[in-house]
Amino acid sequence: MWVQERAPKMLKKSNQKGFSIIEVLIVLAIAGLIMLIVFLAVPALQRNARNNDYSAEANRYASAFQEVQSNKGGGFLTVGSETSGTNTDAGKLWSAANPKTFTTVTVWVSGTAGAVPTAPTSDGNFSNTIYVMQNFKCASPDSWARDTGSVSTRQTSVLFTTESRTGVVTKCQDI
């Protein structure tokens, strides 16, 4: 008799264990939101880290340019492109900057407003070439436009691109 009285109480307790379907769905919805936030944030964080690398390397090229130019006696560097660090002015600049991100350095002497490399379009074509523009002053930090005001023959700028969510962003940095 004792077993019969005890049995219904034990069955009630065992039926109450576990999670309801609503609780499981709420937990899955919260986990899905967290995963969505992480998957949206991680690419942006990676892009920002790469852009910081591009800017830091552009600063290294600016310092390397000043070093190479002072070693040359303050004169203009010869125009050219370099990808290996040979004995040209662009190669010396390449070697002094110790490149990590950009695959090509191009040195330009800009005597006229039209002598500017074509900026990459915002269709997603990222350019990992850095341009060192002599006799050039940036019109704005986010443009490859040349300042048409008074530009000293000693004025030099570094042009490069960074990535954005929508495509390519051009950057101009005066040295």
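In this predicted model, K171 and D142 form a salt bridge in which the closest N and O atoms are 2.9 Å apart. This pair links distant parts of the chain, since K171 belongs to strand β5 and D142 to the loop between β3 and β4, 29 residues apart. Both partners are partly exposed, K171 with a relative accessible area of 26% and D142 with one of 48%.

The structure holds three salt bridges. In one of them, E163 is paired with R50, with 2.8 Å between the closest N and O atoms; because E163 lies in strand β4 and R50 in helix α2, this pair ties together parts that are 113 residues apart in sequence. E163 counts as partly exposed at 22% relative accessibility, and R50 likewise counts as partly exposed, at 34%. A further salt bridge joins R60 to E57, the closest N and O atoms being 3.4 Å apart. R60 and E57 are three residues apart in helix α2 and are therefore separated by about one helical turn. Here R60 is partly exposed, with a relative accessible area of 30%, whereas E57 counts as buried at 0% relative accessibility.

The structure also holds one disulfide, formed by C138 and C172, whose sulfur atoms are 1.6 Å apart. Because C138 lies in the loop between β3 (129-134) and β4 (156-163) and C172 in strand β5 (residues 168-174), the disulfide ties together parts that are 34 residues apart in sequence. The torsion about the S-S bond is about -80°, so the disulfide is left-handed. Both cysteines are buried, C138 with a relative accessible area of 9% and C172 with one of 7%.

With regard to the interior, the largest nonpolar core has 19 residues, and those with the most contacts inside it are Y61, L93, V105, I130 and F160. Two or more residues are given to this core by each of α2, α3 (89-97), β2 (104-109), β3 and β4, and the largest share, seven residues, comes from α2. When residues up to four places away in sequence are not counted, I130 touches A58, Y61, F102, T104, V105, T106, V158, L159 and F160. Apart from this core lies another, of seven residues, among them M133, L159 and the two cysteines C138 and C172.

At the surface, a nonpolar patch is formed by F19, I21, I22, V24, L25, I26, L28, I30, I34, V38 and V42, which together have about 1,100 Å² of accessible area. One of these residues, L25, is placed in helix α2 (residues 21-71).

Key: Residues numbered from 1 in each chain as written. Predicted model: local features only at pLDDT ≥ 70, side-chain atom pairs only at ≥ 80, totals over all residues. Heavy atoms only, no water. Disulfide = S-S within 2.5 Å. Helix = DSSP H or I, 4+ residues; strand = E, 2+ residues; numbered from the N terminus. Buried < 20%, exposed > 50% of the residue type's maximum accessible area, 1.4 Å probe, protein only. Patch = residues over 30% accessible without salt bridge, like charges linked within 9 Å, V, L, I, M, F, W, Y side chains within 5 Å. Areas by Shrake-Rupley, 256 points an atom, 1.4 Å probe, with all protein chains shown as cover. Salt bridge = Lys/Arg side-chain N within 4 Å of Asp/Glu carboxyl O. Core = buried A, V, L, I, M, F, W, Y, C linked by side-chain atoms within 4.5 Å. Contact = heavy atoms within 4.5 Å.
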